[in-house]
Amino acid sequence: MIRAVIFDLDGVVYCGNQPVPGATELINNLQARNIETIFCTNNSGKSQGDIFAKLASLGVRTTPRHVYSSGACAGQFLKEKNIQTVYPMGSDSLTKELEQSGLSISAYAPDAILVGLNTSFSFPMLANAMQAYFSSPKCLIFACNLDSNYPTDSGLQPGCGPATAALLSATEATLAGIVGKPEPYMLELILKDFGISNNEVLVVGDTYSSDIEMAKRAKCKAVWFTATENCPYEPGVVAVPALNAITDLTTNSFWENFSRKPFQNDRK
């Protein structure tokens, strides 16, 4: 039985500053039926508080505890790898998230460099990170994610992946690890924090290579919003058309795939 639905954000709940039609209503309806709604995003450019505020502005009832981002989870991820000092090549929000986790920020001889999304990415940023890397013989490079791009209301924008590729090329280093999707770290953290098992979770995402792969690696069920109806069959993955697909989750015929009918008392 599904006890929690984990939503990706960009392209599923909103696109840029525009809500996906029906998403807010669906989320609030699931909450009214005692199904946890949790949000999991690769976007490391905004803080957990910023993302919570954006959801609230769209009418989504939630709490900061229910918001997981690769930036907010990065501090714990790095500390579990015995990292004490880090140089972030990302946004100011990412730096604050790392500081709040108890990590020290240093441009000289850091234990690691963490690459995150920064919409103002520049050559000087790359040069500074490269110099930080070469100042420490044991420095490792981690990335919040390797997304090539992400959707906005003005079209696709470059993601964290291109910035990571630039730093790896400049340093001739090998990536030491990834915090976000498709790695299952964030999802496993959610399961632990909420005390739920992987067979009680449904992941909803629009990017197969990140959202759905994360669910598969954690052995969770998933719903894939896709622009094509010619989808490869995957056990545990239900493919639905894009755009109007969010409303499909309000029908009992859809939930029969997961042995639960949260809308069974609604009028036809």
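## Exercises on a predicted model

Just after helix 1, Asn34 has a positive phi of about 65 degrees. The model is predicted. Work through each exercise with the structure open.

**Exercise 1. Place Thr24 and decide whether it is buried or exposed.**

Step 1. Find the element. Thr24 sits in helix 1, residues 23-32.

Step 2. Apply the cut-off. Buried means under 20% relative accessible area. Thr24 has 10% relative accessibility, so it counts as buried.

Step 3. List its contacts, leaving aside neighbours within four places in sequence. Thr24 is in contact with Leu58, Gly59 and Val60.

Step 4. Look at the rest of the helix. The buried residues of helix 1 are Ala23, Thr24, Leu26, Ile27, Asn28 and Leu30.

**Exercise 2. Describe the surroundings of Ala4 in strand 1.**

Step 1. Check burial. Ala4 has a relative accessible area of 1% and is buried.

Step 2. Collect the contacts, not counting residues up to four places away in sequence. Ala4 touches Ile35, Glu36, Ile38, Ile196, Glu200, Val201 and Leu202.

Step 3. Compare sequence with space. Ala4 and Phe194 are 190 residues apart in sequence. Their C-alpha atoms are 9.2 Å apart in space.

**Exercise 3. Find the residues that touch the most other members of the largest nonpolar core.**

Step 1. Start with the core. It holds 52 residues, and Leu78, Leu114, Val201 and Val203 touch the most other members.

Step 2. Ask which helix gives the largest share. Helix 7, residues 185-194, supplies seven residues.

Step 3. Set the other core aside. Apart from the largest core lies another of 25 residues, including Tyr14, Ile35, Leu55 and Val60.

Step 4. Follow one hub. Beyond four places in sequence, Val201 touches Ile2, Ala4, Ile6, Leu187, Leu191, Ile196, Cys220 and Lys221.

Step 5. Recall the general trend. In soluble globular proteins, nonpolar side chains tend to be buried together.

**Exercise 4. Explain why helix 7 is largely enclosed by the rest of the structure.**

Step 1. Count. Seven of the ten residues of helix 7 are buried, so the helix is largely enclosed.

Step 2. Name them. They are Tyr185, Met186, Leu187, Leu189, Ile190, Leu191 and Phe194.

Step 3. Find their packing partners. These buried residues pack against strands 1, 4, 5 and 13, and against helices 3 and 8.

Step 4. Take helix 3 (70-79). The axes of helix 3 and helix 7 come within 11 Å and cross at roughly 80 degrees. Helix 3 is therefore roughly perpendicular to helix 7.

Step 5. Identify the contact residues. Helix 3 uses Ser70, Cys73, Gln76 and Phe77, while helix 7 uses Tyr185, Met186 and Leu189. Five of these residues are nonpolar, two are polar and none is charged.

Step 6. Check the end. Just after helix 7, Gly195 takes a positive phi of about 65 degrees.

**Exercise 5. Work out which strands stand at the edges of the five-stranded open sheet.**

Step 1. Write the order. The strands run 7-6-8-9-12, with parallel pairing.

Step 2. Pick the ends. Strand 7 (104-105) and strand 12 (175-178) each have a single partner strand, so one side of each lacks a neighbour in the sheet.

Step 3. Examine one pair. Strand 9, residues 140-143, runs parallel to strand 12 and is joined to it by three bridges. Here Ile141 stands opposite Leu175 of strand 12.

Step 4. Add the helix. Helix 6, residues 160-171, lies across strands 6, 8, 9 and 12. Helix 6 runs at about 145 degrees to strand 8.

Definitions and conventions: Residues numbered from 1 in each chain as written. Predicted model: local features only at pLDDT ≥ 70, side-chain atom pairs only at ≥ 80, totals over all residues. Heavy atoms only, no water. Core = buried A, V, L, I, M, F, W, Y, C linked by side-chain atoms within 4.5 Å. Buried < 20%, exposed > 50% of the residue type's maximum accessible area, 1.4 Å probe, protein only. Helix = DSSP H or I, 4+ residues; strand = E, 2+ residues; numbered from the N terminus. Contact = heavy atoms within 4.5 Å. Axes fitted to C-alpha atoms, helices over the stretch in contact; angles between N-to-C directions. Parallel < 35°, antiparallel > 145°, perpendicular 65-115°, else oblique. Nonpolar A, V, L, I, M, F, W, Y, C, P; charged D, E, K, R; others polar. Pairing = 2+ DSSP bridges.
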